[in-house]
Structure formats: structure tokens, C-alpha cells
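Trainee: Could you walk me through this one before I start clicking around in it?
Mentor: Gladly, have it open while we talk.

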Amino acid sequence: MSSPAGRVAPVLFGSALIVAGVAAAFRVGRRFRRFAISGTSMLPTLRAGDWVLVDEHAYRGRLPRRGHILVARDPREPWRHLVKRVTSVDLHGYIRIEGDNAAASTDSRDFGPLPASLISGRVRWRYWPLSRAGAVL
């Protein structure tokens with residue numbers, strides 16, 4: 001026979017786990033944004049139909065580095081987002097971005113370097129399709 005105290009501990013532990021899970025989901029929800037990949041400009045790294053998480057806090061107070069994959073607003077159509085790889089960052093904070101599939105990419109070769117203010121965040125994780133889920137490098 002178990003004591004009342006023995007039954008309370010698992011309930012408290014379970015409640016604490018639920019509260020921690022909700023808090024973590026809220027924090028993740030405020031920091032990360034989901035994006036669907038369309039087009040072929042980032043092949044083979046990202047494919048049309050991939051879903052990624054973008055860290056919107058990654059570049060707060062700092063600039064991206066060469067090789068990072070980021071999301072930025074298109075300088076010609078600000079409502080549109082671009083997913084590209086950083087190829088260089090100059091001393092004035094302008095970022096050159098290019099698609100991995102140069103033949104199918106509209107990027108800094110077409111519109112020049114972007115000001116850092118157009119960067120939305122860094123692509124961190126592909127979560128769909130499950131067969132390709134994992135960190136995005």
C-alpha cells in the first residue's frame with residue numbers, strides 16, 4: 001500500500017514537466033519561425049517542399065558569417081523572402097548572398113549586397129520531410 005505522499009510526488013513531477021514543456025514551446029515559438037522552401041535555388045542543400053526553422057535572434061547585435069544560410073527580405077519586393085547562403089560580409093555591414101544552385105538563383109549577383117536590416121534570421125533546422133530532418137549547415 002502506498003502512502004498519499006508517494007502518490008503526490010509523481011503528479012507534481014508530471015505537472016512540472018508539462019509546465020516546463022509549455023514554457024519551452026512558448027520560448028521556441030517566439031524565437032523561431034517556420035519557412036517552407038520553394039524553388040531550386042538552394043539545391044542540393046534545400047529542396048522545394050522542405051520546411052525549416054529560422055532563428056530570428058541569431059543576428060541580434062552581430063553580423064552573419066560566410067557560409068551561413070539565412071532568410072532575408074528581397075530588396076526589390078520586400079514582402080518576399082529569400083533563402084540564400086552568405087558569401088561575404090563587408091566592413092559596412094553589407095552582405096552578399098547567393099544560392100547554392102547558381103543557375104537557378106536570383107541573388108546578390110543580380111541586385112548587389114544587402115544591408116543587414118533586411119536579414120530576418122538564420123536557417124537552423126530542417127524538420128520536414130522527416131527523412132531529411134536535421135541541422136542545416
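We will go from the overall layout to the strands, the core, the pocket and a few single residues.

Trainee: What kind of model is this, and how are the residues numbered?
Mentor: This is a predicted model, in which local features need pLDDT of at least 70 and side-chain atom pairs count only at pLDDT 80 or more, while totals for chains, interfaces and linings use all residues. Residues are numbered from 1 along each chain as its sequence is written, and side-chain values use heavy atoms, with hydrogens and water left out.

Trainee: OK, how many helices and strands does the protein have?
Mentor: The protein has 2 helices and 8 strands, where helices (H or I, at least four residues) and strands (E, at least two) are DSSP runs numbered from the N terminus. Read along the sequence, the pattern is α-β-β-β-β-β-α-β-β-β.

Trainee: And what share of the residues is buried?
Mentor: Buried residues make up 31% of the 137 residues; buried means under 20% relative accessible area, exposed means over 50%, and partly exposed lies in between, using a 1.4 Å probe and protein chains only.

Trainee: Which strands does strand 3 pair with?
Mentor: Strand 3 is joined to strand 4 by 5 bridges, and the two run antiparallel, with arginine 73 standing opposite histidine 81 in strand 4. Strand 3 is also joined to strand 7, residues 119-128, by 3 bridges, again antiparallel, and there the bridge partner of alanine 72 is isoleucine 119. For two strands to count as paired, DSSP has to find at least two bridges between them.

Trainee: Why is strand 3 largely enclosed?
Mentor: Strand 3 is largely enclosed by the rest of the structure because 4 of its 5 residues are buried.

Trainee: Where does strand 5 come in?
Mentor: Strand 5 is joined to strand 4 by 4 bridges in an antiparallel arrangement, and valine 86 stands opposite isoleucine 97 in strand 5. Strand 5 also pairs with strand 6, residues 114-115, in the antiparallel sense over 2 bridges, where isoleucine 95 stands opposite leucine 114.

Trainee: Which side chains of strand 5 are buried?
Mentor: Ile95 and Ile97 point to one face and are buried, whereas Tyr94, Arg96 and Glu98 point to the other face and are not. In a regular strand the side chains alternate between the two faces of the sheet.

Trainee: What happens in the hairpin of strand 4 and strand 5?
Mentor: That hairpin has 4 residues between the strands, and glycine 93 there takes a positive phi near 85°. Most residues other than glycine have a negative phi.

Trainee: Switching topic, which residues make up the largest nonpolar core?
Mentor: The largest nonpolar core has 12 residues, among them Ala58, Tyr59, Leu70, Phe111 and Leu118. Strand 3 (69-73), strand 4 (81-89) and strand 5 (94-98) each supply at least two residues of this core. A nonpolar core here is a set of buried Ala, Val, Leu, Ile, Met, Phe, Trp, Tyr and Cys residues joined through side-chain atoms within 4.5 Å. There is also a second, separate core of 11 residues, which includes Phe35, Ile37, Met42 and Val52.

Trainee: What does leucine 118 touch?
Mentor: Leaving aside neighbours within four places in sequence, leucine 118 is in contact (heavy atoms within 4.5 Å) with Val71, Ala72, Arg73 and Pro75.

Trainee: And alanine 36, is that buried, partly exposed or exposed?
Mentor: Alanine 36, which lies in strand 1, is partly exposed, with a relative accessible area of 41%. Not counting residues up to four places away in sequence, alanine 36 touches Asp50 and Trp51. The C-alpha atoms of alanine 36 and arginine 126 are separated by 9.7 Å, although the two are 90 residues apart along the chain.

Trainee: Last thing, where are the cis peptide bonds you wanted to show me?
Mentor: One runs from leucine 43 to proline 44, with omega near 5°, and proline 44 is found in the loop between strand 1 and strand 2 (51-55). Another runs from tryptophan 128 to proline 129, with omega near 0°, and proline 129 is found in the loop between strand 7 and strand 8 (134-135). Most peptide bonds are trans.

Trainee: Didn't you promise a pocket too; which strand gives the most to its lining?
Mentor: Strand 4 gives the most to the lining of the largest pocket, with 4 residues. A pocket is defined on a 1 Å grid over the protein atoms alone, as an open set of points where a 1.4 Å probe fits, with protein on both sides within 12 Å along at least five of seven lines, and lining residues have an atom within 4 Å of a point. Of the 16 lining residues, the closest to the centre of the largest pocket are Ser38, Arg80, His81, Leu82 and Val83.
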